[in-house]
Amino acid sequence: MAELAGLEDPKARAVNERHGDDHGVNLGKLRALAKRLKTQHELACGLWETDDTAARLLALLICRPKEFGRDELDVMLREARAPKVHDWLVNYVVKKNPHCEELRLAWTADPDPVVASAGWALTTERVAKKPEGLDLAGLLDVIEAEMKDAPDRLQWAMNHCLARIGIERPELRDRAIDIGERLEVLKDYPTSPGCTSPYAPVWIDEMVRRQQS
């Protein structure tokens, strides 16, 4: 914890806090520290228990993802209110855990929109890598009905799933684009030069163009 405190940078904190993350550690330096520590699951669990955002991010880099139980991960996700901790927990730990699919189903149906956003993130991963058994048309039905009025983080996750379905599934592409055009979610999102807009119709068209070029 003392070493993490020594990495605190006021400028990094100011940037991170704009995104809802209450820490001031440069992520490159955090990854370098994790590389030096290597995998230490017990230390990771101790770091998580501090409730400190930088410590929790470090914990997610040095833990053993497969050693967490289903209920442990469920509790951790509900505790992970900082967006970056939530994102890393889902992407670096839950996706590598044997309970991933069970948690995907439970979280997608959860009344807490932040928890539900994790379920949608895992669903997007399945659309891209293991779509067998998914009701993709049914997912589009839910997105069409609920995305427009969903809270920000849930809306973002549902929009990502919409775009991924459109990118990966030619037979559903026109419908995905149509849903995006009618709902106009993230249509006016500020996008840096050289970056792809998160507005689904633009995102889908650009990724398909890259695949075909």
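Biologist: Why are helix 10 and helix 11 called oblique to each other?

Modeller: Happy to explain, and keep in mind that this is a predicted model. Helix 10, residues 136-146, packs against helix 11, residues 152-168, at an angle of about 140 degrees, and their axes are 10 Å apart. Roughly antiparallel would need an angle over 145 degrees, and roughly perpendicular covers 65 to 115. An angle of about 140 degrees fits neither class, so the pair counts as oblique. The crossing of helix 10 with helix 11 is left-handed.

Biologist: Which residues make the contact?

Modeller: Helix 10 brings Leu136, Leu139, Leu140, Val142, Ile143 and Glu146, while helix 11 offers Met158, Cys161, Leu162 and Ile165. Sorted by class, the contact of these two helices holds 9 nonpolar residues, 1 charged residue and no polar ones.

Biologist: Let's move to the loop between helix 12 and helix 13. What makes Leu186 count as buried?

Modeller: Buried means under 20% relative accessible area. Leu186 has 16% relative accessibility, so Leu186 counts as buried.

Biologist: And why is Glu184 called partly exposed?

Modeller: Glu184 sits in that loop too, between helix 12 (170-183) and helix 13 (200-212). Partly exposed lies between the 20% and 50% cut-offs. With a relative accessible area of 41%, Glu184 therefore belongs to the partly exposed class.

Biologist: What is notable about phi in Glu184 and Leu186?

Modeller: Most residues other than glycine have a negative phi. Glu184, although not a glycine, has a positive phi of about 60 degrees. Leu186 also has a positive phi, near 65 degrees.

Conventions
Residues numbered from 1 in each chain as written. Predicted model: local features only at pLDDT ≥ 70, side-chain atom pairs only at ≥ 80, totals over all residues. Heavy atoms only, no water. Helix = DSSP H or I, 4+ residues; strand = E, 2+ residues; numbered from the N terminus. Buried < 20%, exposed > 50% of the residue type's maximum accessible area, 1.4 Å probe, protein only. Axes fitted to C-alpha atoms, helices over the stretch in contact; angles between N-to-C directions. Parallel < 35°, antiparallel > 145°, perpendicular 65-115°, else oblique. Left-handed = near helix turned anticlockwise from the far one by under 90°. Contact = heavy atoms within 4.5 Å. Nonpolar A, V, L, I, M, F, W, Y, C, P; charged D, E, K, R; others polar.
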